[in-house]
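This text walks through one protein chain, moving from its cysteines to its charged pairs, its nonpolar interior and its backbone geometry. Please keep the structure open while reading.

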Amino acid sequence: MGIVAGLDSSSAFTRIVVCDADTGAVLRQGYAPHPVDPKATEIDPQAWLLSLGEAATGGLLEGVQAIGVSAQQHGLVAMDGQGNLVRPALLGNDKRAQAAAADLIDGLGGRQAWAEAVGSVPQSAQPVAKLRWMARAEPELAQRVALLMQPHDWLVWQLLGRPARRTTDRGGASGTGYWSAGSGSYRPDLVELALGHQCALPEVLGPSEAAGTTPEGLLISAGTGETMAAAFGLGVGVGDAVVSLGASGSVMTVHHEVLADPTGMITSFADATGMHLPVVHTLNAVRALRGTAELLGLEDLGALSALAMKSTPGASGLVLLPYLEGERTPQLPHTAGTLSGLRRESMKAEHLARAAFEGMLCSLADAMDVLRGRGVEVRRVFLLGATAELPAVQAAAPGIFGAQVVVPEPADYAALGAARQAAWALGARQGTLSPAAPPAWQGAAAQVFEPGEDTAVGQAVRQQYGATRDHIHPGAFGPQS
């Protein structure tokens, strides 16, 4: 069918993969950092274009027929009626809108009202909360806002030469706080509630639709957010969960419907294929491992893993509740971590190391159970992040999760997902692919770990963890636990 490219503009860099449109085989790759402080909370979007241009040098895009764009989520690009920036783009790591998010929750009548309206409860990262912050902190600038976009919307618009038509996709739109994945429509009243007036919003395209064609004849697909692109690049489907192991953690699954959750633990995104991506976040994951390694005087997590493997499942009765930064799942924002089960025989470094790994995985299994409790099926778990390569994680995860565990080889999955979307749009345009079925690219190369005989052992570890959690934080999960 041809050659396509996927472009991922993350918070710190741009990655580009050029792929065979039929098979997904990667032909060429490009990379460039963004010319800004990676911890910045706002940015001139031109930096994204500079990075894109640098990543695409050396004829990288020669012969490419279509491009898909993935970009960091929860950014807000606010523009005036002439298409000019009102202020630098606000990024997802900007926490100034925490009070604004709380105001919005009250303004609509509570968490349940928001969950029913758009499938999520406002958080500081979301564009809807940023709009309320602007209205309160920068009222003169807020009054000038006439058009709202997100990073991937803005990049697609720039690639197309800034046409009158502005577009987005359902995946990106589902993270705004003013688009409902359930109804497939915007809630302009929520924009007005946040900003004080309504604005123009991008047209939401279907998964295989194209945003347009460049003057040079290059097809640009709808684009999407990084989370949705990575899921598409991995090839996950119904029955799969993706567990991301960063400083914080998340559990994401593919589901056939929106899961409105008035507690706010579930955020219901739409995906890049027409399905849904309910996500549950934890505030603590690898940070608990790093803290334990520092406490034990170890240089890195590899040494912590090796030490943990000298212990046995259950860590001789030690249980670590890894709520070091408070916790979001369960909702315990002001709590601290707890180490329980100290006895003379358990007071050894290897048992503490094992308890740290088990505590992290059990906490993520709790998050997974929030989704399972709402009818989500999990048969296979994809583990993402460098920590997934550690033997202590791979040994304990299948039993604790009670499912097959897949550790994909490191790759630019968001960029691959964007390229796969471009191939879909190109095939649909050429009539070689159905608009209802994406190209069947080969799945990610991976290590696979079966729970097997470890299931009973893993569930015993979880029972020990759960009993400790419920004793120290009774009712933390309510009837779901």
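A search of the whole structure, which is a predicted model, finds zero disulfides. A disulfide is a covalent bond between the sulfur atoms of two cysteines. Two of the cysteines can be placed by their accessibility. Cys 199 is buried, at 14% relative accessible area, and Cys 362 is buried as well, at 0%.

Salt bridges, by contrast, are present: the search of the whole structure finds 17. Side chains of opposite charge can pair when their charged atoms come close. One such pair is Asp 271 with Arg 170, whose side chains meet at 3.5 Å from N to O. Asp 271 sits in the loop between β18 (266-270) and β19 (276-282) and Arg 170 belongs to helix α7 (residues 170-173), so this salt bridge ties together parts 101 residues apart in sequence. Asp 271 is buried, with 6% relative accessible area, and Arg 170 is buried too, with 13%.

A second pair joins two helices. Arg 462 forms a salt bridge with Asp 366, and their closest N and O atoms are 2.6 Å apart. Because Arg 462 is in helix α15 (residues 454-472) and Asp 366 is in helix α12 (residues 349-372), the pair ties together parts separated by 96 residues in sequence. Arg 462 is buried at 13% relative accessible area, and Asp 366 is buried at 4%. Both residues belong to a network of salt bridges that also links Asp 369, Arg 372, Arg 469 and Asp 470.

The pair of Arg 379 and Glu 377 has another setting. Their side chains meet in a salt bridge with an N to O distance of 2.9 Å. Arg 379 is partly exposed, with a relative accessible area of 48%, and Glu 377 is partly exposed at 43%.

Which charged residue is buried yet has no salt bridge? Lys 130 is in this position: the nearest side chain of opposite charge, that of Asp 94, is 5.1 Å away. That distance lies outside the limit, because a salt bridge needs the nitrogen and the carboxyl oxygen to be within 4 Å. Lys 130 is in helix α4 (residues 127-137). A polar atom of the Lys 130 side chain lies 2.7 Å from the backbone oxygen of Leu 91, and a polar atom of this side chain lies 3.3 Å from the backbone oxygen of Ala 125. With neighbours within four places in sequence left aside, the contacts of Lys 130 include His 74, Leu 76, Leu 90, Gly 92, Ala 97 and Ser 124.

His 74, one of those contacts, has a backbone feature of its own. Most residues other than glycine have a negative phi, and most peptide bonds are trans. His 74 is not a glycine, yet its phi is positive, at about 70 degrees. The residue is in the loop between β5 (66-71) and β6 (77-79), and His 74 is buried at 17% relative accessible area. Ala 315, also not a glycine, has a positive phi of about 50 degrees. Ala 315 is found in the loop between α11 (301-308) and β20 and is buried at 0% relative accessibility. The cis peptide bond from Thr 329 to Pro 330 has omega near 0 degrees; Pro 330 lies in the loop between β20 (319-321) and β21 (338-340).

The nonpolar interior comes next. The largest nonpolar core has 56 residues, of which Val 243, Leu 245, Met 360, Val 381, Leu 383 and Phe 401 touch the most other members. Helix α12 contributes the largest share of this core, 14 residues. Beyond four places in sequence, Leu 245 is in contact with residues including Val 286, Met 360, Leu 364, Leu 383 and Val 393. Apart from this core lies another, of 34 residues, among them Val 4, Tyr 413, Ala 419 and Trp 441.

The last stop is Ala 403, in the loop between α13 (391-401) and β23 (404-408). Ala 403 is buried, with a relative accessible area of 3%. Not counting residues up to four places away in sequence, Ala 403 touches Arg 372, Val 378, Arg 379, Arg 380, Val 381, Pro 398, Phe 449 and Pro 451. Among these contacts are Arg 372, part of the salt-bridge network, and Arg 379, the partner of Glu 377. The C-alpha atoms of Ala 403 and Cys 19 are separated by 32 Å, and the two residues are 384 residues apart along the chain.

Technical notes:
Residues are numbered from 1 along each chain as its sequence is written. This is a predicted model: local features need pLDDT of at least 70, side-chain atom pairs count only at pLDDT 80 or more; totals for chains, interfaces and linings use all residues. Side-chain values use heavy atoms; hydrogens and water are left out. Helices (H or I, at least four residues) and strands (E, at least two) are DSSP runs, numbered from the N terminus. Buried means under 20% relative accessible area, exposed over 50%, partly exposed in between (1.4 Å probe, protein chains only). Lys and Arg count as positive and Asp and Glu as negative; His and the chain ends are not counted. A polar contact is a pair of N or O atoms within 3.5 Å; within protein, one must be able to donate a hydrogen and the other to accept it, and residues adjacent in sequence count only if both atoms are side-chain atoms. Contact means heavy atoms within 4.5 Å. A nonpolar core is a set of buried Ala, Val, Leu, Ile, Met, Phe, Trp, Tyr and Cys residues joined through side-chain atoms within 4.5 Å. A disulfide is a pair of cysteine sulfur atoms within 2.5 Å.
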